[in-house]
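Biologist: Let's look closely at a single part, the largest pocket. Please keep it simple for a first-year student.

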Amino acid sequence: MMANRMKAALLGGRPAIGLSVMIPSPQIVEMAGRLGFDWVLIDCEHGTLTAETVALMAMAAEAAGSTPIARPAANTPEAILAVLEAGALGVQVPHVGSAADARRAVAAVKYHPLGTRGLAAGTRPARYGFGGSTADYVEASNRETLVCVQIEDRDGLAALPEILAVPGVDVFFVGPSDLAQAMGHPGRTDVPEVRAAIDGTLRAILAAGRTAGSTGPPEAIPGLIARGVRYTYTHLTRLLAQAGGEVLRAAREARSPEML
(Lines give C-alpha, C1' and ligand atoms only; values in the text may rest on other atoms or scores of the structure.)
Protein backbone atom coordinates (compact mmCIF):
# COMPACT_ATOMS: atom_id res chain seq x y z
CA MET A 1 0.00 0.00 0.00
CA MET A 2 1.61 3.24 -1.11
CA ALA A 3 1.59 6.31 1.12
CA ASN A 4 -1.16 8.84 0.47
CA ARG A 5 0.80 12.09 0.13
CA MET A 6 -2.33 14.09 -0.58
CA LYS A 7 -3.95 12.92 2.68
CA ALA A 8 -0.75 13.76 4.54
CA ALA A 9 -0.89 17.29 3.11
CA LEU A 10 -4.47 17.73 4.26
CA LEU A 11 -3.69 16.42 7.76
CA GLY A 12 -0.88 18.95 7.88
CA GLY A 13 -3.26 21.77 7.02
CA ARG A 14 -1.88 22.28 3.52
CA PRO A 15 -4.09 22.61 0.42
CA ALA A 16 -4.23 19.75 -2.08
CA ILE A 17 -5.10 20.88 -5.60
CA GLY A 18 -6.64 18.36 -7.96
CA LEU A 19 -8.04 17.90 -11.44
CA SER A 20 -11.29 16.09 -12.20
CA VAL A 21 -11.19 13.73 -15.19
CA MET A 22 -14.38 12.10 -16.50
CA ILE A 23 -13.07 10.49 -19.68
CA PRO A 24 -11.10 7.24 -19.93
CA SER A 25 -7.60 8.59 -20.46
CA PRO A 26 -4.56 7.48 -18.45
CA GLN A 27 -2.52 9.89 -20.57
CA ILE A 28 -4.45 12.92 -19.34
CA VAL A 29 -4.07 11.74 -15.75
CA GLU A 30 -0.35 11.33 -16.31
CA MET A 31 -0.12 14.85 -17.75
CA ALA A 32 -1.97 16.24 -14.73
CA GLY A 33 0.64 14.69 -12.48
CA ARG A 34 3.50 16.02 -14.62
CA LEU A 35 1.94 19.49 -14.46
CA GLY A 36 2.08 19.32 -10.67
CA PHE A 37 -1.51 18.60 -9.62
CA ASP A 38 -1.43 16.99 -6.18
CA TRP A 39 -4.23 14.60 -7.00
CA VAL A 40 -6.72 13.61 -9.67
CA LEU A 41 -10.42 12.87 -9.22
CA ILE A 42 -11.33 9.85 -11.34
CA ASP A 43 -15.04 10.51 -11.79
CA CYS A 44 -17.17 7.39 -12.13
CA GLU A 45 -20.40 9.15 -11.18
CA HIS A 46 -20.59 11.37 -14.24
CA GLY A 47 -17.87 9.92 -16.47
CA THR A 48 -17.68 7.05 -18.96
CA LEU A 49 -15.21 4.97 -17.00
CA THR A 50 -15.00 1.22 -16.54
CA ALA A 51 -13.20 -0.71 -13.80
CA GLU A 52 -10.34 -1.39 -16.19
CA THR A 53 -9.84 2.27 -17.12
CA VAL A 54 -10.01 3.31 -13.46
CA ALA A 55 -7.12 0.91 -12.77
CA LEU A 56 -5.09 2.30 -15.67
CA MET A 57 -5.78 5.88 -14.61
CA ALA A 58 -4.77 5.09 -11.02
CA MET A 59 -1.52 3.59 -12.31
CA ALA A 60 -0.88 6.71 -14.39
CA ALA A 61 -1.47 8.97 -11.40
CA GLU A 62 0.94 6.99 -9.24
CA ALA A 63 3.60 6.98 -11.96
CA ALA A 64 3.38 10.76 -12.30
CA GLY A 65 3.50 11.44 -8.56
CA SER A 66 -0.17 12.32 -8.15
CA THR A 67 -2.71 10.74 -5.79
CA PRO A 68 -5.66 8.91 -7.39
CA ILE A 69 -9.01 9.58 -5.73
CA ALA A 70 -12.21 8.18 -7.26
CA ARG A 71 -15.80 9.30 -7.13
CA PRO A 72 -17.86 6.09 -7.17
CA ALA A 73 -21.13 5.97 -9.05
CA ALA A 74 -23.05 5.68 -5.78
CA ASN A 75 -22.66 5.28 -2.03
CA THR A 76 -22.79 1.50 -2.07
CA PRO A 77 -20.24 -1.03 -0.86
CA GLU A 78 -20.03 -2.53 -4.35
CA ALA A 79 -19.33 0.77 -6.13
CA ILE A 80 -16.80 1.87 -3.52
CA LEU A 81 -15.01 -1.50 -3.45
CA ALA A 82 -14.64 -1.50 -7.24
CA VAL A 83 -12.68 1.77 -7.35
CA LEU A 84 -10.57 0.94 -4.31
CA GLU A 85 -9.57 -2.46 -5.69
CA ALA A 86 -8.60 -0.70 -8.94
CA GLY A 87 -6.07 1.33 -6.96
CA ALA A 88 -7.78 4.53 -5.84
CA LEU A 89 -6.33 5.78 -2.56
CA GLY A 90 -9.63 7.25 -1.49
CA VAL A 91 -13.18 8.05 -2.48
CA GLN A 92 -15.31 11.15 -2.84
CA VAL A 93 -18.77 9.79 -2.10
CA PRO A 94 -21.73 11.62 -3.67
CA HIS A 95 -25.07 12.56 -2.11
CA VAL A 96 -24.41 11.98 1.58
CA GLY A 97 -27.56 13.21 3.27
CA SER A 98 -27.30 11.80 6.78
CA ALA A 99 -24.89 10.55 9.41
CA ALA A 100 -25.95 7.01 8.49
CA ASP A 101 -24.91 7.68 4.87
CA ALA A 102 -21.51 8.90 6.07
CA ARG A 103 -21.02 5.89 8.35
CA ARG A 104 -21.93 3.58 5.46
CA ALA A 105 -19.24 5.21 3.28
CA VAL A 106 -16.58 4.83 5.97
CA ALA A 107 -17.53 1.19 6.54
CA ALA A 108 -17.20 0.46 2.81
CA VAL A 109 -13.70 2.00 2.64
CA LYS A 110 -12.14 0.59 5.79
CA TYR A 111 -11.27 -2.94 6.82
CA HIS A 112 -12.10 -4.44 10.22
CA PRO A 113 -12.13 -3.11 12.91
CA LEU A 114 -12.94 0.27 11.30
CA GLY A 115 -15.25 -1.06 8.59
CA THR A 116 -16.53 -3.99 6.61
CA ARG A 117 -14.66 -3.78 3.31
CA GLY A 118 -14.10 -7.19 1.72
CA LEU A 119 -10.50 -8.35 1.97
CA ALA A 120 -8.42 -9.99 -0.74
CA ALA A 121 -4.63 -10.16 -0.65
CA GLY A 122 -4.03 -10.41 -4.42
CA THR A 123 -5.27 -6.97 -5.47
CA ARG A 124 -3.41 -3.92 -6.80
CA PRO A 125 -3.61 -1.95 -3.54
CA ALA A 126 -2.24 -5.00 -1.68
CA ARG A 127 0.64 -5.17 -4.21
CA TYR A 128 -0.85 -8.41 -5.47
CA GLY A 129 0.27 -10.10 -2.26
CA PHE A 130 3.94 -9.71 -3.19
CA GLY A 131 5.88 -8.71 -0.10
CA GLY A 132 4.52 -7.90 3.32
CA SER A 133 1.76 -9.60 5.25
CA THR A 134 -1.96 -9.17 4.74
CA ALA A 135 -2.21 -7.84 8.29
CA ASP A 136 0.35 -5.12 7.49
CA TYR A 137 -1.58 -4.22 4.34
CA VAL A 138 -4.85 -3.89 6.27
CA GLU A 139 -3.23 -1.58 8.80
CA ALA A 140 -1.67 0.57 6.07
CA SER A 141 -4.88 0.72 4.06
CA ASN A 142 -6.97 1.82 7.03
CA ARG A 143 -4.41 4.55 7.69
CA GLU A 144 -3.83 5.79 4.13
CA THR A 145 -7.21 5.62 2.41
CA LEU A 146 -9.14 8.89 2.35
CA VAL A 147 -12.88 9.29 2.85
CA CYS A 148 -14.56 12.40 1.47
CA VAL A 149 -18.33 12.84 1.69
CA GLN A 150 -20.29 15.24 -0.49
CA ILE A 151 -22.88 17.58 1.05
CA GLU A 152 -25.01 18.54 -1.93
CA ASP A 153 -28.67 18.07 -0.99
CA ARG A 154 -31.13 19.72 1.39
CA ASP A 155 -31.01 16.60 3.59
CA GLY A 156 -27.25 16.97 3.89
CA LEU A 157 -27.55 20.63 4.90
CA ALA A 158 -30.11 19.79 7.57
CA ALA A 159 -28.04 16.90 8.95
CA LEU A 160 -24.67 18.67 8.74
CA PRO A 161 -23.94 18.74 12.52
CA GLU A 162 -24.53 14.99 12.76
CA ILE A 163 -22.51 14.26 9.61
CA LEU A 164 -19.58 16.31 10.91
CA ALA A 165 -19.48 14.12 14.02
CA VAL A 166 -18.99 10.86 12.09
CA PRO A 167 -15.55 9.37 12.79
CA GLY A 168 -13.42 8.24 9.88
CA VAL A 169 -14.46 10.98 7.46
CA ASP A 170 -11.46 13.03 6.34
CA VAL A 171 -13.09 15.66 4.10
CA PHE A 172 -16.53 17.26 3.95
CA PHE A 173 -17.11 18.47 0.43
CA VAL A 174 -19.69 21.05 -0.61
CA GLY A 175 -20.96 20.18 -4.10
CA PRO A 176 -22.10 23.48 -5.63
CA SER A 177 -23.81 22.19 -8.79
CA ASP A 178 -26.07 19.60 -7.21
CA LEU A 179 -26.74 21.84 -4.22
CA ALA A 180 -27.92 24.62 -6.53
CA GLN A 181 -30.20 22.15 -8.30
CA ALA A 182 -31.55 20.79 -5.01
CA MET A 183 -32.42 24.36 -4.02
CA GLY A 184 -34.33 24.91 -7.24
CA HIS A 185 -31.67 26.79 -9.19
CA PRO A 186 -29.94 24.32 -11.55
CA GLY A 187 -26.80 25.81 -13.05
CA ARG A 188 -27.05 28.96 -10.88
CA THR A 189 -24.53 28.77 -8.09
CA ASP A 190 -24.45 32.57 -8.13
CA VAL A 191 -28.01 32.90 -6.78
CA PRO A 192 -27.80 34.56 -3.33
CA GLU A 193 -29.69 31.74 -1.60
CA VAL A 194 -27.33 29.14 -3.03
CA ARG A 195 -24.24 31.23 -2.36
CA ALA A 196 -25.32 31.68 1.26
CA ALA A 197 -25.87 27.92 1.67
CA ILE A 198 -22.42 27.13 0.24
CA ASP A 199 -20.66 29.75 2.36
CA GLY A 200 -22.53 28.80 5.51
CA THR A 201 -21.75 25.11 5.05
CA LEU A 202 -18.05 25.77 4.52
CA ARG A 203 -17.96 27.96 7.64
CA ALA A 204 -19.68 25.26 9.70
CA ILE A 205 -17.20 22.61 8.52
CA LEU A 206 -14.23 24.79 9.41
CA ALA A 207 -15.76 25.84 12.74
CA ALA A 208 -16.04 22.16 13.66
CA GLY A 209 -12.32 21.77 13.05
CA ARG A 210 -12.87 19.52 10.04
CA THR A 211 -11.35 19.66 6.55
CA ALA A 212 -13.50 21.44 3.97
CA GLY A 213 -13.62 20.71 0.26
CA SER A 214 -15.23 22.30 -2.78
CA THR A 215 -14.69 22.89 -6.46
CA GLY A 216 -14.92 25.63 -9.04
CA PRO A 217 -13.44 27.02 -12.26
CA PRO A 218 -9.67 27.57 -12.32
CA GLU A 219 -9.95 31.21 -11.34
CA ALA A 220 -12.00 30.34 -8.23
CA ILE A 221 -9.44 27.98 -6.67
CA PRO A 222 -7.23 30.65 -5.02
CA GLY A 223 -10.31 32.19 -3.41
CA LEU A 224 -11.46 28.84 -2.03
CA ILE A 225 -8.02 28.21 -0.54
CA ALA A 226 -7.97 31.70 0.99
CA ARG A 227 -11.29 30.88 2.71
CA GLY A 228 -9.85 27.78 4.32
CA VAL A 229 -10.79 25.10 1.78
CA ARG A 230 -7.96 22.57 1.64
CA TYR A 231 -9.39 19.87 -0.66
CA THR A 232 -10.16 21.48 -3.98
CA TYR A 233 -10.06 20.82 -7.68
CA THR A 234 -11.10 22.11 -11.04
CA HIS A 235 -12.38 20.18 -14.05
CA LEU A 236 -10.39 19.15 -17.09
CA THR A 237 -12.98 20.65 -19.42
CA ARG A 238 -12.89 24.00 -17.64
CA LEU A 239 -9.11 24.03 -17.72
CA LEU A 240 -9.13 23.31 -21.46
CA ALA A 241 -11.83 25.91 -22.10
CA GLN A 242 -9.91 28.62 -20.28
CA ALA A 243 -6.49 27.85 -21.75
CA GLY A 244 -7.86 27.14 -25.23
CA GLY A 245 -9.92 30.31 -25.18
CA GLU A 246 -6.92 32.41 -24.26
CA VAL A 247 -4.79 30.92 -27.05
CA LEU A 248 -7.49 31.34 -29.69
CA ARG A 249 -8.37 34.86 -28.58
CA ALA A 250 -4.74 36.00 -28.73
CA ALA A 251 -4.25 34.34 -32.13
CA ARG A 252 -7.35 35.92 -33.62
CA GLU A 253 -6.42 39.35 -32.28
CA ALA A 254 -2.92 39.14 -33.76
CA ARG A 255 -2.08 40.99 -36.95
CA SER A 256 0.46 39.86 -39.54
CA PRO A 257 2.81 42.50 -41.01
CA GLU A 258 0.94 42.63 -44.30
CA MET A 259 -2.25 43.53 -42.47
CA LEU A 260 -0.72 46.55 -40.74
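By class, how many nonpolar, polar and charged residues does the lining of the largest pocket have?

Modeller: The lining has eight nonpolar, ten polar and nine charged residues. Here Ala, Val, Leu, Ile, Met, Phe, Trp, Tyr, Cys and Pro count as nonpolar, Asp, Glu, Lys and Arg as charged, and the others, Gly among them, as polar. This is a predicted model: local features need pLDDT of at least 70, side-chain atom pairs need pLDDT 80 or more, and totals for chains, interfaces and linings use all residues. Residues are numbered from 1 along each chain, and side-chain values use heavy atoms, without hydrogens and water.

Start with the space itself. The largest pocket holds about 480 Å³ (a volume is the space filled by probe spheres set on grid points, joined across faces, edges and corners). A pocket is an open set of points on a 1 Å grid over the protein atoms alone, where a 1.4 Å probe fits, with protein on both sides within 12 Å along at least five of seven lines; lining residues have an atom within 4 Å of a point.

Now the walls. The lining counts 27 residues, and P176, S177, T189, T215 and R238 are the closest to the pocket's centre. Four elements each give two or more residues: α9 (176–182), α10, β7 and β8. Helices (H or I, at least four residues) and strands (E, at least two) are DSSP runs, numbered from the N terminus. The top contributor is α9, with three residues.

Follow two of these elements. A loop joins α10 (192–207) to β7 (211–215), and A208 lies in that loop. A208 is partly exposed, at 42% relative accessible area (buried is under 20%, exposed over 50%, partly exposed in between, with a 1.4 Å probe and protein chains only). Its C-alpha atom is 8.8 Å from that of A165, which is 43 residues away along the chain.

Next, β8. Y231 lies in strand β8 (residues 231–235) and F173 in strand β6 (residues 171–174), so their aromatic pair ties together parts 58 residues apart in sequence. Rings of Phe, Tyr and Trp (its six-membered ring) pair if their centres lie within 6.5 Å; planes under 30 degrees apart are stacked, over 60 edge-to-face, and the rest tilted. F173 and Y231 sit edge-to-face, 6.1 Å centre to centre, with 80° between the planes. Both are buried. Ring pairs also bring in W39 and Y233, making a cluster with F173 and Y231.

Last, the second largest pocket has a volume of about 190 Å³. Its lining includes M1, R127, D136 and Y137. By class, that lining has five nonpolar, five polar and two charged residues.
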